[in-house]
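Let's take a walk through this protein together, one piece at a time. Keep the 3D view open and turn it as you read.

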Amino acid sequence: MSALTVSDRFHNRTARVAVVGLGYVGLPLAAVLADSGYEVVGIDLDQTKVEAVNQGRSYIADVDDADLLAQASRLRATSDYAVLGQCDAVSICLPTPLDPEGQPDVSAILASGQEIARFLHPGLVVVLESTSYPGTTTELLLPRLEAAAQPQGWRVGEEFHVAFSPERVDPGRTDWTIQTTPKIVAGVTESCLAAVQAYYGPVFETLVPVSSPSAAEMAKLFENTFRFVNISLVNELLLMCDRLELDCREVLDAAATKPFGFTRFTPGPGVGGPCIPVDPYFLAWKMKSIDAEARFIELAGQINAEMPRYWVQKVQDALNDAGKPVKGSRILVLGAAYKPDVADARESPVIDILQRLLQKGAQARYHDPYILSLTEMGVPLTAVADLEEEVQKADCVVIATAHTVYDWASIAQGAALLVDTGFVAKRSS
Ligand SMILES: NC(=O)c1ccc[n+]([C@@H]2O[C@H](COP(=O)([O-])OP(=O)(O)OC[C@H]3O[C@@H](n4cnc5c(N)ncnc54)[C@H](O)[C@@H]3O)[C@@H](O)[C@H]2O)c1
């Protein structure tokens, strides 16, 4: 397969492409690649996901079964990397969590790099989508591919291409889609950039080329660090307003009337999800590895981590004012997901709130229309079934995750005491 032929196949949508990792990022990406006309094969080690995709069953909220069924003739899945031998491109969407010591865990990228290297062939375009620290594409992925290419005399930018293009999907969001959100692309060489542009050009509305994979990796980390730091800043505003006996919502509403130079963030129980509480630490780790600091990240992490304790104290104070101890009180926490309208409790600060309440001897329980049991708690906790009845029975109701399906007015009316972490009840009243 010559590079020119591959480029033609991208152009006329007859290319065969692969997506490695069919999770929150990989499955939606595979679906849009198929939708744009490519023949797509998803590769995942999890056999249940492979089977689900092959049966047209989605397990990701942002992808409907109907989308998978509509693409069934162009989208299939396997656990066997050998399919790469027949592919023109591969997008890597593998997890990049923090390990138990809080260090970047890039083991999935390394393992998959070895596998891709086994099936490397002239014309293949390899694109890393996973979030990671600057240098991951060129210092970790590329050498594994080059080791396999060298005996054949294949060179990056000549016989094969390597690029980085960070995924920016925001689960649950509908105003911006994968296709309409501008997509950053960067190649290891100029021709690698041209190759990823040829591959992604027919799929995404806007490609944003940058000069190097490291610049693109840094841009992605900065986007999420920006949110991480600003959420911590607005959480600190809440802590400051509390001490000054000011209404934080009023202060924020007033500040947000400035038509320029201000972006509104809302205080809450902290940060959660697979990205915002994780990605900044990839950057902090990278800076530490070169004996430098990421000071805002460390401070923001401390403030965000303090929020669950702050909210549990608010519950304690509210009960105290009503003459009740936390111990033995019936407390209903509304929403367990890390953000509204998603069925995902990964790294959710609500888990910390529930754990703290249980540790204090409260009869803590939760309701979430999308998360029926919380395995993240260590001890599995099951969501209460009858919301209205639980609101009536609870000594205190805590609004933790503001799913839009909740009727705040009736919850506020039914609750004996209400602790509202995001000013939602007030806002909708
Ligand atoms: N979830 C998000 O909202 C989001 C948004 C933007 C970027 N990201 C980034 O995208 C990347 C993927 O995240 P995700 O949320 O989709 O992860 P995920 O855990 O949902 O999915 C990863 C998939 O990879 C599979 N897998 C693991 N090792 C494998 C291997 N060696 N070979 C083949 N398959 C393997 C797993 O079985 C799983 O299905 C991460 O770097 C993440 O930071 C995630």
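## The eight-stranded sheet

Start with the open sheet of eight strands, which has mixed pairing and runs in the order S3-S2-S1-S4-S5-S6-S7-S8. At its edges you'll find strand S3 (75–78) and strand S8 (207–209); each has a single partner strand, so one side of each is left without a neighbour in the sheet. Going from one strand to the next, the twist averages 25°. Keep in mind that what you're looking at is a predicted model.

There's also a helix to spot here. Helix H8 (residues 213–244) packs on the sheet, where it touches strand S6 (161–164) and strand S7 (183–187). The direction of H8 makes about 150° with that of S7.

## One edge: strand S3

Now zoom in on S3. Its partner is strand S2 (residues 39–43), and the two pair in the parallel sense over four bridges. Two of the matched pairs are easy to look up: Val41 has Arg76 in S3 as its bridge partner, and Gly42 has Ala77.

Which side chains of S3 point to one face and are buried, and which point to the other and are not? Leu75 and Ala77 are the buried ones on one face, while Arg76 and Thr78 point to the other face and are not buried. So the side chains alternate as you move along the strand.

## Towards the other edge: strand S7

S7 tells another story. How many of its five residues are buried? Five of the five are, so you can call this strand mostly covered. Lys183, Val185 and Gly187 point one way, Ile184 and Ala186 point the other way, and all are buried.

S7 has strands on both sides to talk to. With S6, the pairing is antiparallel and goes over two bridges; here Phe164 has Ala186 in S7 as its bridge partner. With S8, S7 runs parallel, and three bridges join the two. If you want a pair to click on, try Val185, whose bridge partner in S8 is Pro209.

## The four-stranded sheet

Next, look for an open sheet of four strands in the order S10-S9-S13-S14, with parallel pairing. Strand S10 (363–367) and strand S14 (418–420) stand at the edges with a single partner strand each, so one side of each has no neighbour in the sheet. Ignoring direction, neighbouring strands here are turned by 20° against each other on average.

In this sheet, strand S9 (residues 330–334) and strand S13 (residues 396–399) pair in the parallel sense over four bridges. One pair to find is Leu332 with its bridge partner Val397 in S13. Helix H11 (residues 295–321) packs on the sheet and touches S9, S13 and S14. The direction of H11 makes about 155° with that of S13.

## Two domains

Zoom back out. The domain assignment splits the chain into domain 1 (3–211) and domain 2 (231–428). Their centres, taken over C-alpha atoms, are separated by 35 Å. Where the two touch, 12 residues come from domain 1 and 12 residues from domain 2. On the domain 1 side of this contact, the residues divide into seven nonpolar, five polar and no charged.

## Around the ligand

Which residues come nearest to the ligand? Of the 26 residues around it, those are Gly21, Gly23, Tyr24, Val25 and Ser130. Helix H5 (residues 107–118) gives the most to this shell, with three residues. Sorted by type, the shell has 15 nonpolar, seven polar and four charged residues.

## Two backbone oddities

Finally, here are two loop residues to check. Glu245 isn't a glycine, yet its phi is positive, near 55°. Glu245 lies in the loop between H8 and helix H9 (248–255). Why is Glu245 called exposed? Because it has 6 other C-beta atoms within 10 Å, and a residue counts as exposed with 12 or fewer.

Asp341 isn't a glycine either, and has a positive phi of about 65°. Look for Asp341 in the loop between S9 and helix H12 (349–359). Asp341 is partly exposed, because 18 other C-beta atoms lie within 10 Å, and that count falls between the limits of 12 for exposed and 20 for buried.

Conventions. Residues numbered from 1 in each chain as written. Predicted model: local features only at pLDDT ≥ 70, side-chain atom pairs only at ≥ 80, totals over all residues. Near = placed C-beta within 6 Å. Nonpolar A, V, L, I, M, F, W, Y, C, P; charged D, E, K, R; others polar. Domains from an automatic or database assignment. Contact = placed C-beta atoms within 7 Å. Pairing = 2+ DSSP bridges. Axes fitted to C-alpha atoms, helices over the stretch in contact; angles between N-to-C directions.
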